[in-house]
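The following exercises are to be worked through with the sequence and the structure at hand. Each task is followed by a solution in steps.

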Amino acid sequence: MWQIAVDEPAPFELLSPRSLDEALDLAARHAADCAFLAGGSDLLDLLKQQRRTPRYVINLKTIPGLRHLTVTGERISIGALTTLGELERSTEVTRLCPGLRAAASRVATPQIRNVGTLGGNLLQDSRCPYYRGPWYCYRAGGIQCDAHHGMNQEHAIFGGSRCYTVSPSDSAPALMALEATVRIHGRIQREISVQDLFVPPSENITVMHRVAPGEVLAEVMVPVRAGTRSTFIKYAMRNAWDFAIASVGAALRVEGGIVRHVRIVLGGVAPVPWRSMAAEQEVQGKPLDATTIESAARAAIAAARPLAHNEYKIPLVKKLVRSALTELAE
Amino acid sequence: MDNQGPTVTRDLASRLEHAAEPSDPTRRSFIQASAGIVVGAAALVGARRELRQLGATTPARDDYAPTYADIELRVNGRQHAVRVPHQRTLLLALREDLGLTGTKKSCNLGQCGACTVLVDGQPVYSCLLLALDARGHDITTIEGIGQDGRLHPIQEGFVRHMGSQCGHCTPGMIMSGVALLREKPQPTLEDVRLALSGNLCRCGNYRNEIAGVLYAAGCEPSATIGAAAAQIVTCGEAESTPELAARIVGNTEGAAAKGLRSTIPVLDARNKATGEARFAGDVGFHPDDQLPGLLHAKVVRSPYALADVEDIDDSVARSLPGYRGMVTFRDVPGYRSVTDANERSPIRSDRLFMNSRARYVGDAVAAIAADDEYTAQRALDLIRVVYDVREAFPDAERNLRDAVRAIHDGTVAGFAGPQPANTPTIEYRRGSIAQGFADADIIVEGRYVTPIQCHAPIEPHAVVVAWQGDTVTFWDSQQSVFSAQEMLAGALGLNRENVRVISHYVGGGFGGKCTDTLGKTLYQGIAALLARKTGRPVRLEYTLKELLFAEDTRNPFVFYLRTGVKKDGTITALECKAIARTGGYASSGPAVVSVAGQGMVATYRIPNYWYHGYCVYTSSPVGGEMRGFGHPQAVFARETHIDEVADAIGMDPLEFRRRNSLHTGDLIDTDVVPNVPLMNIGAEPCLRAGAEAIGWSSWQHHSTKSGAIRRGIGVRFSQEHSGRNASNGLVWMDPSGTIHVPIGSGNLGTNAHTGIALIVATALGVPVEELDCTWGDSATCTWDFVSDASRAVHCHGKAMYNAAIDLKRQLHARRAAPAEPRTDFTPLFDPKTDINPYLDENTGQVVKNPPPRLHEQTEALARKIVAEGGLVGLGFYVWNPSAESWGASFAEVEVDMETGRVSVLKLVGAHDCGRVIHVPAAQAQIDGGSIMGLGYTMTEELLIDPHTGIPVTQSLYEYRPPTVLDLPELIPILVEAPVEAGPFGAKGLGENPMFNAGAAVANAIYNATGVRMREIPYTWPRVHDELKRAGKLA
């Protein structure tokens, strides 16, 4: 229920499980009426505006083992409750995955990074004001996208289908570019790629990701491959707080002057982190020179379909891809 | 026009959720959704019902009983046992349960930083952390950083470097600094900026906040952040009159020697730096001022842009434990007829503080009170309101064209109420524009558009009300305690002496907390009705959404400008048609439209002009008073337009302004009287100093620019009044010899109180530290008109100056011979400058020869002081319209021609404030105005959904006030062109800097790109689309 004069949560009971299994049991018991709490910077907002009014909130912070950062020869394992601030300050992340470090450091503000978790940043809900506000949009269960013909300056230029919200996460494009995977703890344990984590509206308009109710995203694994360079660049209207108007996470490996492996992923321009395979194809197997970079930048925007007020995102994407590849070429 | 929608019942008790319904039956989205089907009104009605059923599938909670926990919190090294409901945030636990009100509550959603505390040494937003989750951690608040009664070094730095303007962001800001220094004792400037980037300061005092932190780290801020102290330019001196103006200094060294140009810590610097400053929202929680039985109020606000309330029913809520009652529009004194309701005031108000017809989303229709905030929120859900939803009319130009009368009985808001569409709210004319345009070589035309700006102060409006018999006390966030007292008395049908308004600290006003007409929101009245009905004290505090759009905003305007000019640069005529959206109510809109008109025509020598302004009703957020009051809109339009005029004749835009500028002695028209001669104006020095700072000599025509990244510079130039209306002055000495200065101006963050104290101290020749200064209480302070319109230091300061001189004379006389207690309460004034015609806001009439008499409240206060053996000095001043302040600003921008991104690199503000009384405060007005103006120009806009009239901008994430990381290099220049009317020559300064960005940025963008952009803000999408339209996108 949207109320202008409401900004405290409806009463709930905070449950404090000691293990992931206990958390899952609690979630199963209160299936339709519970929410998982991690850092809380998104959930508390939704609870306070009573966009969500669960009777039970299951606190993941009381579960040991979800907040860690472990580096092995092959990968970095990051507990889902590791804060963005910890990632930002981690020397290993800075050294091995500069793209992830850059993404973490560009989220919101220092205060939010001190509580906001990596898992929460990946799984945060749509920021579309039509969805969060009193409109009864597709994603909220209605029959139309009010942004499509309303104020859509910040909406999708790729992949819109009934819903034109954008993926708000900064860490998602960075992790996708690094081909990270996530471990989902549920009735069965699953490990899926970050790329497969997100659900486009064409498939299911009511969810943003594939972590089902009653499941917990427990860990993020980032492969460490020798020679991989990564970066993340974000355009936002303000340099603090703001979500990305457009962002790019990119990673590649150059061998013998030729790009052997590349991932280019855009944030803030599609309902999911948008892997630009068209741009990747222009780079793969080629020397990373100005010509290659320019054709990749052009390819990245070829499929863009702007709405009435967001065409400006197209040159931003072009510039982002160019800047990211130029940085990685150096 | 009167096409009524169907009756919609919002019945939450029966689990129906309707807020998602579209309010506009012609909503385009639905028609698109029914592609291929021709739908008429009947079909749409059916569709609305269907939507409602869909809405009803959302499950509603029936079990809302909170679960409690007994927890221990370790705060500032001490264990506290506290019982909290599970959903309680750490912020509320600290403030309301532990009484630690130094941590401030503002947006309550992690979007401002005011509630920052340290958890295990790291800064976090306590509003986004559950109290239960803070168990087992070390929590540090502003109350816990000093040691043994000594301030923390950052607190010292904030005191020394004026780290606080309003002070509401201060505790959070300091906590972020403390965390930084613990981790990095020797931070760089960049470290400090990043550390403070999660703390908004709406006063725009970032320079001094950074300085405060750097001071604590042992760095000298001036060396580190550059341009730390404003350049001061002095030009000319006021003529002295033998009696009073002997005090006006003869030269600048004298000014400094006499205590002006001071840099002392402001009067309440320490209270703000320690968090001891208590704001209205803190009242009732601090251990020192608890109010037993305090209730929490919530306002029932319309989710529809235009709807008539047919019924309101709280029968379900009444069964809720802790629910204490409801008041509705029917309880508003004078309800039934808008005209009857305001019979106490000859100016009719079209708005009551709750209304039977909701005229914008957020309009108040009822309110409830309950024991705590959770019960109050639950009760809000249980109130059943039956709305008859009508078609929304959000577009002012369309409403004017179609003569829409669906909102009020008239299309245009006039000073005397709604009036027909063909009647402008205000007109100003001089000469003959027909002749002027006939004489012109070239005529330039343009249409200019400005957005809705929100005040968005860090402190949301809050009031606590308590009745004692027939008298009522309001602890309010209030700029103007005396006008609030008068308006609330009028609105509630009370005698003024039975109403007391207290507001010692205001967490940012900007015009949004100035209850000076019956047309304002008067939320305090709602709380008062609830308090009277329940017999208990009641607190009401805005949420962020209420703050953004239920409260008044800055009116958006469309200007049609037409200027005739000769090839030699002489302006021959100017015509301006202004159309302002006033929203659902007039509020201050008509006055804003008239002040915009004065701003439009009062900077240049224009022999023929015609300004006609229309303040148009729209079913959108209400426009009203905000810093600059119509001028930011008008100055953006005029100064962008004037640049086009200069361009049309091929003249350097700075030279064009210089050539047409008004001079000292020229005549201007004001809303009070026509043909007012200008007193000493610093126009030319502002232009000269500013041009030098931006490097204007390197200005090049846009045709010389090329490349993907282009730079340009632009200029803006204009005047601004130094106030309005009358002020009283009162300074007194008690039998022990202590001098008391009960300041009448509000403490809204400008630190004007320090300026006024310095004026009194200098006039008396005593150190300011020896004065007992108080403020913010209608029962004990000197009556002053209001604290807005750039008037505190100039108007109230002059009256207090006169009072100080009056006291000094009596002291001299007593030294010569013993004297009887004072029986004549005629105040002191300078007949040459201090008695001027003024506009009586209650009658709408100009008082041509005001009697130099004290307001009855000041006289009563003076009589009381004398009766108790005190010696009282009394002063009087009515704003002299000849005293105008001037400002010029210069911007340098960089435009990315590929994307349309505009970066403002440098912003120079050169301002003639007559005389600098307190340097940091004056400089902070320039910085703060520049930053607020930068937001207005670049990012801030309250967007309204065109189909439903509901604001799309619902949080600061979308609204985007500038953070410390979003600032250009700011160069403040203070120009002194003293006027004999002002205290020591001082003029107003609060508003002119608000115009600094606007047109200067617009003209710089033009200079860089050759594309004229006539609508702000220059968001990325807008600039991109403009460049594309012009074929200039790379």
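A residue is called buried when its relative accessible area is under 20%, exposed when that area is over 50%, and partly exposed in between. The structure examined here is a predicted model.

**Exercise 1. Confidence**

Task: Determine which stretches of chain B have a pLDDT below 50 or under 50.

Solution.
Step 1. Begin with the overall scores: ipTM is 0.98 and pTM is 0.94.
Step 2. For chain B, the mean pLDDT is 89, and 89% of the residues reach 70 or more. Residues 1–60 of chain B nevertheless have a pLDDT below 50, although the model gives this stretch 109 contacts beyond near neighbours in sequence.
Step 3. Residues 223–228 of chain B also stay under 50, with 16 contacts beyond four places in sequence.
Step 4. Where pLDDT is low, the predicted coordinates should not be read in detail.

**Exercise 2. Strand β29 of chain B and its partner**

Task: State how many residues of β29(B) are buried, and identify the strand to which 13 bridges join β29(B).

Solution.
Step 1. Strand β29 of chain B spans residues 709–721, and 11 of its 13 residues are buried, so the strand is mostly covered.
Step 2. Its partner is β36(B), residues 884–896, and the two strands run antiparallel.
Step 3. One bridge pair can be located directly: B:I709 is matched with B:D896 of β36(B).
Step 4. B:D896 also belongs to a network of salt bridges that links it with A:E294, A:K319, A:R322 and B:E898.

**Exercise 3. An open sheet and its helices**

Task: Give the strand order of the open sheet of 4 strands in chain B, and name the helices that lie across β30 and β35 of that chain.

Solution.
Step 1. The order is β32-β31-β30-β35, and the pairing is mixed.
Step 2. The edges are formed by β32 (771–775) and β35 (871–878) of chain B, each of which pairs on one side only. From one strand to the next, the twist averages 20°.
Step 3. Strand β30(B), residues 726–733, pairs with β35(B) in the antiparallel sense over 8 bridges. Within this pair, B:G729 has B:G875 as its bridge partner.
Step 4. Helix α23(B), residues 792–816, lies across β30, β31 and β35 of chain B and runs at about 145° to β35(B). Helix α24(B), residues 856–867, lies across β30 and β35 of chain B, at about 10° to β30(B).

**Exercise 4. Helix α5 of chain B**

Task: Decide whether α5(B) is largely enclosed or largely open to the outside.

Solution.
Step 1. Helix α5(B) covers residues 170–183 and reaches 20 Å from its first C-alpha to its last, close to the 20 Å expected at 1.5 Å a residue.
Step 2. Of its 14 residues, 12 are buried, so the helix is largely enclosed by the rest of the structure. Among them are B:M173, B:I174, B:M175, B:V178, B:L180 and B:L181.

**Exercise 5. Salt bridges**

Task: For three of the salt bridges, establish which parts of the chain each pair ties together.

Solution.
Step 1. The total over all chains is 86 salt bridges.
Step 2. A:E86 and A:R67 meet at 2.8 Å, N to O. A:E86 lies in helix α3(A) and A:R67 in the loop between β3 and β4 of chain A, so the pair ties together parts 19 residues apart in sequence. A:E86 is partly exposed, with a relative accessible area of 28%.
Step 3. A:R190 and A:E215 meet at 2.7 Å, N to O. Because A:R190 is in strand β7(A) and A:E215 in the loop between α10 and β8 of chain A, the parts joined are 25 residues apart in sequence. A:R190 is partly exposed at 22%, whereas A:E215 is buried at 13%.
Step 4. B:R390 and B:D308 meet at 3.0 Å, N to O. These residues lie in strands β13(B) and β9(B) respectively, so the pair ties together parts 82 residues apart in sequence. Both B:R390 and B:D308 are buried.

**Exercise 6. The surroundings of B:N355**

Task: Classify B:N355 as buried or exposed, and list its contacts beyond four places in sequence.

Solution.
Step 1. B:N355 is located in the loop between α11 and β11 of chain B.
Step 2. Its relative accessibility is 4%, so B:N355 counts as buried.
Step 3. Beyond four places in sequence, B:N355 contacts B:F329, B:D363, B:A364, B:V365 and B:Y585.
Step 4. B:V365 is 10 residues away from B:N355 along the chain, and their C-alpha atoms are separated by 5.1 Å.

Technical notes: Residues numbered from 1 in each chain as written. Chains lettered and ligands numbered in written order. Predicted model: local features only at pLDDT ≥ 70, side-chain atom pairs only at ≥ 80, totals over all residues. Heavy atoms only, no water. Pairing = 2+ DSSP bridges. Axes fitted to C-alpha atoms, helices over the stretch in contact; angles between N-to-C directions. Contact = heavy atoms within 4.5 Å. Expected span 1.5 Å × (residues − 1). Buried < 20%, exposed > 50% of the residue type's maximum accessible area, 1.4 Å probe, protein only. Salt bridge = Lys/Arg side-chain N within 4 Å of Asp/Glu carboxyl O. pLDDT = per-residue confidence, 0-100.
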